[in-house]
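These are my notebook entries on a structure that I had not examined before. I set down what I looked up, entry by entry.

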Amino acid sequence: MISELIGLLITSVLLNNAILNQFLGLCPFMGVSRKKSSALGMGMAVVFVIVAAGLVTYGLYYLVLVPLHLEYMDLVTFILVIASLVQLTEMFLKKSSPALYKSLGVYLPLITTNCVVLNVCLVNISNGYDFAHMLVYTIGTPLGFALVLYIFSCIRERLDTADVPASFVGNPVALIVAGLMAMAFSGLAGII
Amino acid sequence: MVQAILMMLVLGAILGAGLGIAAKVFHVEPDTRVDYISTQLPGYNCGGCGYPGCTGFAEAMVSGDADSWKCKPCKADQKAKIIDYLKNTPGPDGKTITIKG
């Protein structure tokens, strides 16, 4: 049981990484990776939203939707919960950390449509996870997202001073770097 | 069907009430200049200025992070209008902002 959970954690963080293996959440991945501090803030905001949304939607599904035979309403209710949680995160950040709120800009409300969040909520249900597996998967996936986002922002800060061909400056070279990172991460597939 | 509608109503009411309380708890006085400038910028959110979206650039100008004009798609008259607005409108701290064109 324990080794299975550890395996699931490693899988969700590294092997089946949300960004580099499932290609989810690419919008904030390209958008807020210019500065390390914004990347860390974004990573933390996503971890909070996903863990909270995962717990709430899991409870909502098995305690409300299943007893009422409303399983087909899962997508609508999950989006409602996610949107509310993102609003809450936004208000909290605006009050507690205006600098971080500023550096995240439009990408903070866009967590609502970050497909990693909805993906985690739906996979928790469709894979039939029990509570322990759900918790591990819900924490592991955003951690993998935050990790890759942070590594990518470190590389991009170096790219700013690197001698890049003129036509590749900015986003094009960042996309190439993202592809190389995905290749490197696919090499981890054999460790489990 | 009726159950589904009722469930959505109850869920919406609960979440709405929660957000309403949170809005009261986390209320901050906004700087109106940021909102005004972001409506005057082109609104493409292209990121060409290096800030996250047009609101990001508006906030960077108001907070003093950006002291020169970085918005490429903006039309010249609109640009002059924004720079002029920042020069003539004092913020909550009573200071105005000068942006190099």
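**Entry 1: Tyr129(A)**

I began with the contacts of one residue. Leaving aside residues up to four places away in sequence, I found that Tyr129(A) touches Asn124(A), Met134(A) and Tyr137(A). I then looked up its position: Tyr129(A) sits in the loop between α6 (115-126) and α7 (131-161) of chain A. I also noted a pairing across the sequence, since Tyr129(A) and Tyr58(A) are 71 residues apart along the chain, yet their C-alpha atoms are 9.7 Å apart in space. Is Tyr129(A) buried or partly exposed? I counted 18 C-beta neighbours inside 10 Å, and a residue needs 20 or more to be buried, so Tyr129(A) is classed as partly exposed.

**Entry 2: The model and its scores**

Before going further I recorded that this is a predicted model. I noted an ipTM of 0.71 and a pTM of 0.75 for the model. For chain B I wrote down an average pLDDT of 85, with 99% of the residues scoring at least 70. I keep one caution in mind: where pLDDT is low, the predicted coordinates should not be read in detail.

**Entry 3: Chain A as a whole**

I looked up the secondary structure of chain A and found 8 helices and 0 strands. Read along the sequence, the pattern is α-α-α-α-α-α-α-α. How does the radius of gyration of chain A stand against the globule rule? I found 18 Å, close to the 16 Å that the rule gives for 192 residues, so chain A is as compact as a globular protein of that length. Along the principal axes, the C-alpha atoms of chain A fill a box of roughly 60 × 45 × 25 Å. I noted that 39% of the 192 residues of chain A count as buried. Among the contacts in chain A with a separation of 6 or more, 79% join residues 24 or more positions apart.

**Entry 4: Phe23(A)**

I next examined a backbone angle in chain A. Phe23(A) has a phi near 55°, which is positive although the residue is not a glycine. I located Phe23(A) in the loop between α1 (2-15) and α2 (26-31) of chain A. Its C-beta count within 10 Å is 13 other atoms, and because exposed residues have 12 or fewer, Phe23(A) is partly exposed.

**Entry 5: Chain B as a whole**

I turned to chain B and found 4 helices and 0 strands, which run α-α-α-α from the N terminus on. What does the radius of gyration say of chain B? I found 19 Å, well over the 13 Å that the globule rule gives for 101 residues, so chain B is more spread out than a compact globule. Its C-alpha trace spans about 60 × 30 × 20 Å along the principal axes. I recorded that buried residues make up 22% of the 101 residues in chain B. Of the contacts in chain B with a separation of 6 or more, 51% link residues 24 or more positions apart.

I also looked up the domains. Chain B is divided into domain 1 (1-28) and domain 2 (32-88), and I noted that their C-alpha centres lie 35 Å apart.

**Entry 6: Helix α1 of chain B**

Does the span of this helix agree or disagree with its expected length? At 1.5 Å a residue, the 24 residues of α1(B), residues 2-25, should span 34 Å; the end C-alpha atoms are 35 Å apart, which agrees. I then asked about its cover, and found α1(B) hardly covered, with 0 buried residues among its 24.

**Entry 7: Asn45(B)**

I checked a second residue for its phi. Asn45(B) is not a glycine, yet its phi is positive, at about 50°. I placed Asn45(B) in the loop between α2 (32-40) and α3 of chain B. With 20 other C-beta atoms within 10 Å, Asn45(B) is buried.

**Entry 8: Where the chains meet**

My last entry concerns the contact between the chains. I found that 22 residues from chain B and 21 residues from chain A take part. On the side of chain B that touches chain A, α1 and α3 (53-63) of chain B each supply at least two residues. Which element of chain B gives the most to this side? I found that α1(B) does, with 10 residues. The residues of this side of chain B divide into 11 nonpolar, 10 polar and 1 charged.

Note on methods: Residues numbered from 1 in each chain as written. Chains lettered and ligands numbered in written order. Predicted model: local features only at pLDDT ≥ 70, side-chain atom pairs only at ≥ 80, totals over all residues. Expected span 1.5 Å × (residues − 1). pLDDT = per-residue confidence, 0-100. Rg over C-alpha atoms; globule rule 2.2 N^0.38 Å. Contact = placed C-beta atoms within 7 Å. Nonpolar A, V, L, I, M, F, W, Y, C, P; charged D, E, K, R; others polar. Domains from an automatic or database assignment.
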